[in-house]
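User: Please take one part of this protein and go through it closely. I would like to start with a helix and the strands beneath it, then see how the rest connects. Keep it brisk.

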Amino acid sequence: MTTELFNDIQHDDACLQQLGQMIADFCGLYYLDNLSLLASKVSNRLSTLNMTLEAYTEFLARNPQEWNHLVELITNNETYFFREESQLNELCSVILPQFRHKSRIRIWSAACSTGEEPYSLAMTIAESGIVPLESIHIIATDINGKVLHIANRGWYHKNSLCFRRTPEEMLAKYFFPQEEGFQIKSDIKDRVEFRLSNLLQDEEMAADEPFDVIFCRNVLIYFNSGTTRRVISKFYDRLNPGGYLFLGHAETITGMNTNFETINGQATFYYRKRNADS
Ligand SMILES: C[S@@+](CC[C@H](N)C(=O)[O-])C[C@H]1O[C@@H](n2cnc3c(N)ncnc32)[C@H](O)[C@@H]1O
């Protein structure tokens, strides 16, 4: 891309503002307070399409499939195995024993990126032995089709930073070496179902059975408070009474006046859906 084109984009404030608003409305990602970052993210795409920013916003409005490209440019997909491990441990030591009587435990890993989160959940549960692994059904969703493709494959390069917190014994037990990396074993992989889904437009998830636990970590930080409220209220509706919600450590809904109670666990906190009458 030429410096000239980049400067044009940077200075087209009204169009950047319009694109930022379209993105916030579509998927919640809030670039309206950092338009120069948005300009840097979309500039190569504009140069590939040979379009001005104004032409691109019109093109996007008329071609919904362009969102698939744009989403790949504007999402941050950083993740790794066993992230915020205290939450995984809390799930196994405190929450799963409450669900022992259930033949099927449903967990939603919302905004799962390349799959490290749902696979870490399945591995930690398998390791705990608290419930049979076969009783676990993890639905893992993301808006970005490219990362879901990687997640679905379940193969990760041996030098990838995704292994930075993976204990050697877990690597040896739940992966097998393949080519230049490691492949998740099928008993873990089979517990996870990946789906392309936008947290702001996922009516199909509402038609599904409710969940016992939802993990939605490190995505609400990119939303504004209005969108966060909307997504949290959706999680509330999609949980069984007494179900649990885990957010990232930098994310909190305390003070939002929701019907979740905050649970202080071992080195972490999370939320529990109150029963309708409590
Ligand atoms: C930083 S990653 C977090 C991955 C994982 N939850 C973790 O904590 O390691 C954020 C993910 O949120 C996804 N995302 C952003 N907006 C979304 C939306 N509206 N619906 C679904 N996924 C979204 C991105 O594609 C990205 O993969």
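Analyst: **The sheet and its helices**

Helix α12 (residues 225-238) lies across four strands: β7, β8 (239-247), β9 and β10 (269-273). Its direction makes an angle of about 140° with β8. Everything here comes from a predicted model.

Those four strands belong to an open sheet of 7 strands. The order is β6-β2-β1-β7-β8-β10-β9, and the pairing is mixed. At the edges stand β6 (192-196) and β9 (260-264). Each has a single partner strand, so one side of each is left without a neighbour in the sheet. From one strand to the next, the twist averages 20°.

Now take one pair inside this sheet. Strand β1 (residues 105-110) and strand β7 (residues 211-216) run in the parallel sense, joined by 3 bridges. Ser109 has Phe215 in β7 as its bridge partner.

A second helix also lies on these strands. Helix α7 (residues 116-128) crosses β1, β2 (136-142), β6 and β7. Relative to β2, α7 runs at about 165°. Strand β7 is thus named twice: it lies under α7, and it also lies under α12.

There is another sheet to place. This open sheet has 3 strands in the order β3-β5-β4, with antiparallel pairing. Its edge strands are β3 (155-157) and β4 (175-178), each pairing on one side only. Here the twist averages 30° from one strand to the next. Between β4 and strand β5 (residues 181-184) there are 4 bridges, and the two strands run antiparallel. Within this pairing, Pro177 stands opposite Phe182 in β5.

Next, the wider frame. The protein chain is divided into domain 1 (3-74) and domain 2 (85-273). Their C-alpha centres lie 30 Å apart. Domain 1 puts 7 residues into the contact, and domain 2 puts in 11 residues. On the side of domain 1 that touches domain 2, the largest share is 3 residues from helix α5 (residues 66-74). That side of domain 1 divides into 4 nonpolar, 2 polar and 1 charged.

Domain 1 also offers a helix pair to inspect. The axes of helix α2 (residues 13-27) and helix α3 (residues 35-49) come within 10 Å and cross at roughly 85°. The two helices are therefore roughly perpendicular to each other. From α2, the residues in the contact are Asp13, Leu16, Gln17, Leu19 and Gly20. From α3, they are Leu35, Leu38 and Ala39. By class, the residues of this contact are 5 nonpolar, 2 polar and 1 charged.

That leaves the ligand. Around it are 24 residues, of which Thr75, Thr79, Ala111, Ser113 and Leu199 come nearest. By class, the shell holds 9 nonpolar, 10 polar and 5 charged residues. Which domains supply the shell? Both do: at least three residues come from each of domain 1 (3-74) and domain 2 (85-273).

To return to the starting point: α12 lies across β7, β8, β9 and β10, while α7 lies across β1, β2, β6 and β7. The strands named with these two helices sit in the order β6-β2-β1-β7-β8-β10-β9. In that order, β1 and β7 form the parallel pair described above.

Key:
Residues numbered from 1 in each chain as written. Predicted model: local features only at pLDDT ≥ 70, side-chain atom pairs only at ≥ 80, totals over all residues. Axes fitted to C-alpha atoms, helices over the stretch in contact; angles between N-to-C directions. Parallel < 35°, antiparallel > 145°, perpendicular 65-115°, else oblique. Contact = placed C-beta atoms within 7 Å. Nonpolar A, V, L, I, M, F, W, Y, C, P; charged D, E, K, R; others polar. Near = placed C-beta within 6 Å. Domains from an automatic or database assignment. Pairing = 2+ DSSP bridges.
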